[in-house]
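Hi,

Here is the structure I said I'd pass on. Have a look at it first, and then read on for my notes.

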Amino acid sequence: MPFVRLVNFVTPSFVVFFLLVLCVSWALRGYNTLYRRFLLLSSLVFYWYAGGAYISLLFLVAFLNWGCVRLMDRRGMRKRFWMVSITVALHVALLVFFKYYEAGVAWAISIWGGDAEWLIQPFLASLVMPIGFSFFTFQGLSYTIDHYRDEGLAPRSYADVLSYVAFFPTVMSGPIMREDNFFPQLRTSYAGEEDFSEGITLVLSGLFKKVVLATYLQMHLVDDVFANPGEYTSLATLLGIYAYTIQIYCDFSGYTDMALGIGRLMGFHLPKNFDAPYRSLSLQEFWHRWHISLSTWLRDYLYIPLGGSRRGNRYVNLIITMVIGGMWHGSSLSFLIWGFFHGLGLAVVHGWQQLGKALRIQRVPRVLSWPWALISWVLTLHFVALLWVFFRADSCEEALRVLEQVRAGVQEGAGVALPVLVVIGWGLALQFVGGPLRRGFARTLGAVPWPVQAVVAGLLGSLILNMGPEGTLPFIYTKF
């Protein structure tokens, strides 16, 4: 199928597609209208190969948000409220349908019995989750909500809104952009020398994380541990949990690095989505560093409207926000559990901070600062890793089997190869040295002419691809 070849950033077909888009877009820099239309056409072609008939959803989401903003323009606040409410409800309905139709079909079959399965199952088989639907839906909604909140924002043309929703570096898995980040760059973006070296560095960084680290851990430990935890020792199962903790970071941040790098090569500065999240000393800090575009979206468009920390119960608001964040990922009960316990953990962290303020404890004594930081880091990392088990598992039963295997202290079974331990260690080390290494490489690369940079990028890219397995696995977050 075409989408298998093009949707993945690490495939040769995407490289050819992107180089063609890059060259033509550079040539059209002096022709603003032609450039914008070519960028839109490129994004639509990309998504058509990736999502096929579901490209109609891109047009629909763009139309709903463009139309709502047009209708809101110069209307009274009461009419504006109802218009934005209807638009949000329609988007939520679409999300619920595609996220939960499988659960709904299973429920219908259980209610009506097997007699209904022959009628429902063909319908179920004909549907798949549209690629990137959750991301471009949230991005489209932010356009409408921002215009509702700020009457001074001028409505955009339908073509520009569609470009915003369909922008091909981000349409699959984000980062989720805001209007004030995208539209000014749509007309003024230009890739300079620094953008070129930074873009190449980000693409190579993401390629290494995905192909060498994430894919290796998935193929050599994670999949087998979660499929058959009983065949591994308790220590190996625990290492499998650590391996998935590193895998999902390297996979998702690897995608983000490549998206940001592709954007930089085209002159777009996309928002940062990861900032060494496993360095965090609290769960609150973790969510300031992990999937930043989603966590800030949930904060700005859900947590604060619920009342945030100013109205109602902040702890309930936190839990509701994170439960909805879990449900955003899918219909499995394990996602709901993952979101609920993250919300509960955030509530505990906020409660602890409030207790410290009430007791007038401003800071930890200097003599205890390092031990306290170490304990905080270990607790935060293991809390996050524990909940990743529910995120990764296909069901709560599978997650509990994995955790039970760790708890049981089993000493007989398969172990873990040394290279896997090395990759886990390197993935964790990236939290502390990844940023300086990337910046140093970008500075070194930027010191040579751009043709040399292009040759270096080609050679290193080929080397990284050869270090990975044949047929790199899809990105984890593409399915969301």
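Below is what I found, starting with helix packing and moving on to salt bridges and two single residues.

One thing up front: this is a predicted model.

**Helix α8 and its two partners**

I'd start with α8, which covers residues 158-166. Its axis comes within 9 Å of the axis of α4 (residues 55-72), and the two cross at roughly 125 degrees. That angle falls between the cut-offs of 115 for roughly perpendicular and 145 for roughly antiparallel, so α4 and α8 are oblique to each other. The crossing of this pair is right-handed. On the α4 side the contact is made by Leu-58, Phe-59, Val-61, Ala-62, Phe-63 and Trp-66. On the α8 side you'll find Tyr-158, Val-161, Leu-162, Val-165 and Ala-166. By class that gives eleven nonpolar residues, with no polar and no charged ones in the contact of α4 with α8.

Helix α8 also packs against α3 (residues 32-51), with axes that come within 9 Å and cross at roughly 45 degrees. These two helices are oblique to each other as well, since an angle must be under 35 degrees to count as roughly parallel. The crossing of α3 and α8 is left-handed, whereas that of α4 and α8 is right-handed. From α3 the contact takes in Arg-36, Arg-37, Leu-40, Ser-43 and Leu-44, and from α8 it takes in Ala-159, Asp-160, Leu-162, Ser-163 and Ala-166. The make-up here is five nonpolar, two polar and three charged residues. Leu-162 and Ala-166 of α8 appear in the contact with α3 and also in the one with α4.

**The long pair**

What about α10 and α18: how are they oriented to each other? The axes of α10 and α18 (residues 418-446) come within 9 Å and cross at roughly 170 degrees. Anything over 145 counts as roughly antiparallel, and α10 and α18 are therefore roughly antiparallel to each other. Their contact has 17 nonpolar, five polar and three charged residues.

**Salt bridges**

How many salt bridges are there? The count comes to twelve, and a few of them are worth opening in your viewer.

Arg-264 pairs with Asp-195, with the closest N and O atoms 2.7 Å apart. This salt bridge links distant parts of the chain: Arg-264 sits in α11 (residues 234-265) and Asp-195 in α10 (residues 193-227), 69 residues apart. Both Arg-264 and Asp-195 are buried.

Arg-289 turns up in two salt bridges, one with Asp-275 and one with Glu-285. For Arg-289 and Asp-275 the closest N and O atoms are 3.9 Å apart. Arg-289 belongs to α12 (residues 283-289) and Asp-275 to the loop between α11 and α12, so this pair ties together parts that are 14 residues apart in sequence. For Glu-285 and Arg-289 the closest N and O atoms are 2.9 Å apart. Those two residues are about one helical turn from each other, because they are four residues apart in α12. As for burial, Arg-289 is buried, with a relative accessible area of 18%, just as the cut-off of under 20% requires. Asp-275 is partly exposed at 33%, and Glu-285 is partly exposed at 22%.

There is also a network: salt bridges that share partners join Arg-36, Arg-37 and Asp-160. You've met these residues already, in the contact of α3 with α8.

**Two single residues**

Ile-262 is in α11 and is buried, at 4% relative accessibility. Beyond its neighbours within four places in sequence, Ile-262 is in contact with Phe-9, Phe-14, Phe-18, Phe-168, Pro-169 and Val-203. Its C-alpha atom is separated by 34 Å from that of Val-225, which is 37 residues away along the chain.

Ser-309 is in the loop between α13 (292-306) and α14 (314-329). Is Ser-309 buried or partly exposed? With a relative accessible area of 43%, it is partly exposed. Setting aside neighbours within four places in sequence, Ser-309 is in contact with Tyr-303 and Arg-314. The C-alpha atoms of Ser-309 and Gln-405 are separated by 40 Å, with their positions 96 residues apart along the chain.

Cheers

Key: Residues numbered from 1 in each chain as written. Predicted model: local features only at pLDDT ≥ 70, side-chain atom pairs only at ≥ 80, totals over all residues. Heavy atoms only, no water. Axes fitted to C-alpha atoms, helices over the stretch in contact; angles between N-to-C directions. Parallel < 35°, antiparallel > 145°, perpendicular 65-115°, else oblique. Left-handed = near helix turned anticlockwise from the far one by under 90°. Contact = heavy atoms within 4.5 Å. Nonpolar A, V, L, I, M, F, W, Y, C, P; charged D, E, K, R; others polar. Buried < 20%, exposed > 50% of the residue type's maximum accessible area, 1.4 Å probe, protein only. Salt bridge = Lys/Arg side-chain N within 4 Å of Asp/Glu carboxyl O.
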